[in-house]
Amino acid sequence: MSEKTIALVTGANKGIGYEIAAGLGALGWSIGVGARDGERMAEAVAKLRAAGTDAFAVPLDVTDDASVDAAARLIEERTGRLDVLVNNAGIAGGWPEAPSTLDPATVRRLVETNVIGVIRVTNAMLPLLRRSAHPRIVNQSSHVGSLTLQTIPEVDLGGISGGYAPTKTYLNAVTIQYAKELSGTGILINNACPGYVATDLNGFSGTQTPEQGAAIAIHLATLPDGGPTGQLFDDNGVVPW
Ligand code: NAP
């Protein structure tokens with residue numbers, strides 16, 4: 001079995017996910033590049049390898065049971081275990097997005113990817129994570145998912161987000177439940193707020209680079225044993241739920 005730390009990053013073909021893969025790869029880790037688009041995945045793997053990262057392709061659509069099961073089998077056959085799972089893949093709706101004009105299909109699409117996708121991938125990977133000596137799970141959340149921040153009038157979260165923001169709130173709630181279930185197993189699970197990052201997700205309107213946005217997820221992926229679990233973090237520390 002590999003001595004290297006083995007990580008899977010979902011949605012790693014571009015944006016913040018790519019930079020998380022690059023940052024963890026720079027630590028000498030072996031990185032599964034989870035992506036649904038074959039061409040972009042091959043490009044990302046080639047670029048990471050050219051930079052010296054031990055990267056391998058993991059075809060993965062987080063909304064598809066068969067795809068996620070196949071990804072778990074691929075990792076099992078290749079490495080026999082998983083040390084770190086970064087659930088980064090996500091989609092946004094419109095912005096701003098008034099709840100009064102939201103159509104149910106949009107809500108379902110957002111929840112399917114941003115919430116159920118994380119649960120699907122986590123549950124498929126948990127048997128592999130349980131074989132790790134230092135297992136970690138990082139879920140990509142957002143400041144907009146914090147009910148505390150959403151209800152402080154002075155905090156500017158960029159306008160109304162009736163579809164996307166609640167999916168991150170839901171994800172936060174799910175993470176708390178995982179942390180309770182996994183308490184005492186050694187598996188640390190935390191959520192990251194990357195900040196406002198210039199990526200496809202927001203038409204590159206963000207003020208931070210994807211590399212800057214990747215920093216908190218990388219920090220949470222490399223927590224020491226006994227570190228925090230079941231919490232929400234940004235670069236400055238704990239963010240209120
Ligand atoms: P991005 O550049 O659009 O990247 C999103 C990634 O998720 C892409 O690799 C995309 O793959 C992948 N993805 C989407 N649906 C998928 C699916 N069904 N299966 C597999 N992969 C899928 O956006 P980003 O800003 O880097 O977003 C990464 C994460 O950060 C998201 O969870 C987002 O909500 C979160 N976030 C971003 C910001 C920000 O300011 N950018 C702020 C807070 C939180 P394809 O190439 O195949 O579409």
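Okay, one definition before we start: two residues are in contact when they have heavy atoms within 4.5 Å of each other. Keep that in mind, and also that what we're looking at is a predicted model.

Let's put the definition to work on Leu24. Which residues does Leu24 touch, if we skip those up to four places away in sequence? The list is Ala7, Val9, Trp29, Ile31, Val86, Ile218, Ala221 and Thr222. Try finding a few of those on the screen.

Leu24 is also a member of the largest nonpolar core, which has 31 residues. Along with Val9, Ile20, Ile31 and Val33, Leu24 is among the residues that touch the most other members. As for where this core draws its residues from, the elements giving two or more are strands S1 (6-10), S2, S4 (84-87) and S6 (188-192), together with helices H1, H2 (38-50) and H7 (210-221). Helix H7 is the top contributor here, with 6 residues. And there's another core apart from that one, made of 27 residues, including Leu60, Ala89, Val121 and Val174.

Now, back to helix H1. Is H1 largely enclosed or not? With 8 of its 11 residues buried, H1 is largely enclosed by the rest of the structure. The buried ones are Ile16, Gly17, Tyr18, Ile20, Ala21, Gly23, Leu24 and Gly25, so there's our Leu24 again, and buried here means under 20% relative accessible area. What covers those buried residues of H1? The cover includes strands S1, S2, S4 and S5 (136-140), plus helices H2 and H7.

Walk off the end of H1 and you get to the loop between H1 and S2, where Leu27 sits. Leu27 counts as partly exposed because its relative accessibility is 48%. If you go 18 residues along the chain from Leu27 to Val45, the two C-alpha atoms are 16 Å apart.

Over in strand S1, have a look at Thr10. Buried or exposed? Thr10 is buried, because its relative accessible area is 1%. Leaving out neighbours within four places in sequence, Thr10 is in contact with Gly34, Leu60, Val62, Val86, Asn87, Asn88, Ala89 and Val121.

Next up, the pocket. Rolling a probe the size of a water molecule over the atoms shows where empty space is left. The largest pocket in this model comes out at about 1100 Å³. How many residues line it? The lining has 44 residues, and those nearest the centre of the pocket are Gly90, Tyr164, Thr199, Leu201 and Asn202. By type, the lining splits into 18 nonpolar, 19 polar and 7 charged residues. Helix H1 (15-25), strand S2 (30-35) and helix H6 (164-182) each put in at least two lining residues, and H1 gives the most, with 3.

Let's stay with Tyr164 for a moment. A pair of aromatic rings is described by the distance of the centres and the angle of the planes. The structure holds 1 aromatic pair. That pair is Trp95 with Tyr164, set edge-to-face, with 5.8 Å from centre to centre and 65 degrees between the planes. It links distant parts of the chain: Trp95 is in the loop between S4 and helix H4 (104-129), Tyr164 is in helix H6, and the two are 69 residues apart. Tyr164 counts as buried because its relative accessibility is 9%, while Trp95 counts as partly exposed because its value is 39%.

Trp95 has another thing to show you. The peptide bond joining Trp95 and Pro96 is cis, with omega at about -5 degrees. Pro96 lies in that loop between S4 and H4 too.

One more backbone detail: Phe204, in the loop between S6 and H7. Phi of Phe204 is near 60 degrees, a positive value in a residue other than glycine. Phe204 counts as exposed, because its relative accessibility is 52%.

Last stop is Ala179, in helix H6. Ala179 counts as buried because its relative accessibility is 10%. Setting aside neighbours within four places in sequence, Ala179 is in contact with Ile189, Thr229 and Gly230. From Ala179 to Ser161 is 18 residues in sequence and 27 Å in space, C-alpha to C-alpha.

That's my tour, thanks for listening!

Key
Residues are numbered from 1 along each chain as its sequence is written. This is a predicted model: local features need pLDDT of at least 70, side-chain atom pairs count only at pLDDT 80 or more; totals for chains, interfaces and linings use all residues. Side-chain values use heavy atoms; hydrogens and water are left out. On a 1 Å grid over the protein atoms alone, a cavity is a set of points where a 1.4 Å probe fits but cannot get out, and a pocket is an open set with protein on both sides within 12 Å along at least five of seven lines; lining residues have an atom within 4 Å of a point. Grid points are joined across faces, edges and corners, and a volume is the space filled by probe spheres set on the points. Helices (H or I, at least four residues) and strands (E, at least two) are DSSP runs, numbered from the N terminus. Ala, Val, Leu, Ile, Met, Phe, Trp, Tyr, Cys and Pro count as nonpolar, Asp, Glu, Lys and Arg as charged, and the others, Gly among them, as polar. A nonpolar core is a set of buried Ala, Val, Leu, Ile, Met, Phe, Trp, Tyr and Cys residues joined through side-chain atoms within 4.5 Å. Buried means under 20% relative accessible area, exposed over 50%, partly exposed in between (1.4 Å probe, protein chains only). Rings of Phe, Tyr and Trp (its six-membered ring) pair if their centres lie within 6.5 Å; planes under 30 degrees apart count as stacked, over 60 as edge-to-face and the rest as tilted.
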